[in-house]
Amino acid sequence: DDLNSEAIDLKTSSLEKDTELTDNIVSDNKKQMLRRGLIAMFLYYFSYAGIEGTFGSWLASYVYITGNTIEDGAFAVSILWGSLTLGRLIASIVSKLHQVTPIRLIAVDILLGFISVIIMLIVASTKVLFMLYFSSALIGLSLASMYPMGVTLASERLSDDSQFTSRYISGASFGQLIWPPLVGLLISNNPIAMPVVGLVLLGVCSISFIGIVYFIPPLKEKS
């Protein structure tokens with residue numbers, strides 16, 4: 001009986017150690033996933049805010065430098081912010097639909113962003129105001145739901161903790177701080193610097209978004 005009791009105790013102790021080791025591994029994996037997700041979301045907001053700040057600050061100058069009037073540039077900026085506001089209103093309505101998810105909305109936003117910036121590059125030297133206005137509207141629409149949907153995506157895949165959220169959203173402040181002044185230095189010598197930087201930032205935003213979607217499962221599915 002004593003031998004059986006000792007054997008049971010050994011098995012129990014071994015099982016507890018295995019369980020503890022498994023819990024430690026799972027905990028370490030979750031921590032690594034959170035760190036990677038934090039970096040990805042930081043870059044997402046860093047690039048998103050860089051696009052918004054750059055186009056909001058320099059779109060009027062871009063339109064003027066490419067051969068149009070100051071009034072044309074001011075109107076393009078008005079279209080940008082107007083479409084962004086309208087886009088957020090639309091997003092708040094359509095996001096209530098079951099078929100509409102943060103992933104789908106962000107994917108559409110990024111696609112619209114690429115289309116609008118490419119149009120802006122193509123018509124840079126043609127003085128086709130309609131297309132410049134059209135691309136300005138598309139940029140505003142593409143930026144409209146990226147901020148709120150990013151927060152929702154992170155809460156579904158990473159954490160909804162307020163401290164965690166504030167960490168990755170700080171990327172937006174750095175994006176606003178770095179990119180508009182940098183583009184301001186470049187745009188006087190080369191006007192297409194603004195849309196080129198826009199494409200680069202959209203690329204960074206896309207990579208961050210894809211990394212979150214394909215490599216970090218929803219919280220419900222985590223073990």
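## Helix 3 against helix 4

Let's start where D109, L112, G113, I115, S116, I119 and M120 of helix 3 touch M131, L132, F134, S135, S136, L138, I139, L141 and S142 of helix 4. Sorted by class, this contact has ten nonpolar residues, five polar ones and one charged. Everything here comes from a predicted model, so read the geometry in that light.

How do the two axes sit? Those of helix 3 and helix 4 come within 8 Å and cross at roughly 160 degrees. Angles over 145 degrees count as roughly antiparallel, so helix 3 is roughly antiparallel to helix 4. The crossing of this pair is left-handed.

## Helix 3 against helix 7

Helix 3 spans residues 102-122 and helix 7 spans residues 193-215; their axes come within 10 Å and cross at roughly 160 degrees. That angle makes helix 3 roughly antiparallel to helix 7 as well. The handedness of this crossing is left-handed.

On the helix 3 side, the contact uses I103, I106, A107, I110, G113, F114, V117, I118, M120 and L121. Helix 7 answers with M194, P195, V196, L199, L202, G203, C205, S206, F209 and V213. What sort of residues meet here? The contact of helix 3 with helix 7 has 17 nonpolar and three polar residues, and no charged ones.

## Helix 3 against helix 5

Helix 5 covers residues 146-157, and helix 3 packs on helix 5 at an angle of about 140 degrees, with the axes 9 Å apart. That makes helix 3 oblique to helix 5. Here, too, the crossing is left-handed.

From helix 3 come P102, I103, L105, I106, D109 and I110, while helix 5 brings M146, M149, G150, T152, L153, E156 and R157. By class, that gives eight nonpolar, two polar and three charged residues. Some helix 3 residues turn up in two of these contacts: I103, I106 and I110 meet helix 7 and also helix 5, while D109 meets both helix 4 and helix 5.

## The cavity

How many cavities of 30 Å³ or more are there? The count comes to one. The largest cavity holds about 30 Å³ of space. I51, G113, S116, V117, I139, S142, L143 and L202 line it, and helix 3 and helix 4 (129-144) each supply at least two residues of that lining.

Several of these names are familiar from the helix contacts. G113, S116, I139 and S142 belong to the contact of helix 3 with helix 4, while V117 and L202 belong to the contact of helix 3 with helix 7. G113 takes part in that helix 7 contact too. The cavity lining divides into five nonpolar and three polar residues, with no charged ones.

## The pocket

The largest pocket has about 190 Å³ of space in it. Its lining has 13 residues, and R36, A40, G211, I212 and F215 lie nearest the centre. Which elements give two or more residues to this lining? They are helix 1 (2-65) and helix 7.

By class, the lining of the largest pocket breaks down into nine nonpolar, three polar and one charged residue. Helix 7 therefore plays a part in two settings described here, roughly antiparallel to helix 3 and contributing to the lining of the largest pocket.

Note on methods: Residues are numbered from 1 along each chain as its sequence is written. This is a predicted model: local features need pLDDT of at least 70, side-chain atom pairs count only at pLDDT 80 or more; totals for chains, interfaces and linings use all residues. Side-chain values use heavy atoms; hydrogens and water are left out. Axes are lines fitted to C-alpha atoms, for helices over the stretch in contact, and angles run from 0 to 180 degrees between N-to-C directions. Helices (H or I, at least four residues) and strands (E, at least two) are DSSP runs, numbered from the N terminus. Angles under 35 degrees count as roughly parallel, over 145 as roughly antiparallel, 65 to 115 as roughly perpendicular and the rest as oblique. A crossing is left-handed if the near helix is turned anticlockwise from the far one by less than a right angle, and right-handed if clockwise. Contact means heavy atoms within 4.5 Å. Ala, Val, Leu, Ile, Met, Phe, Trp, Tyr, Cys and Pro count as nonpolar, Asp, Glu, Lys and Arg as charged, and the others, Gly among them, as polar. On a 1 Å grid over the protein atoms alone, a cavity is a set of points where a 1.4 Å probe fits but cannot get out, and a pocket is an open set with protein on both sides within 12 Å along at least five of seven lines; lining residues have an atom within 4 Å of a point. Grid points are joined across faces, edges and corners, and a volume is the space filled by probe spheres set on the points.
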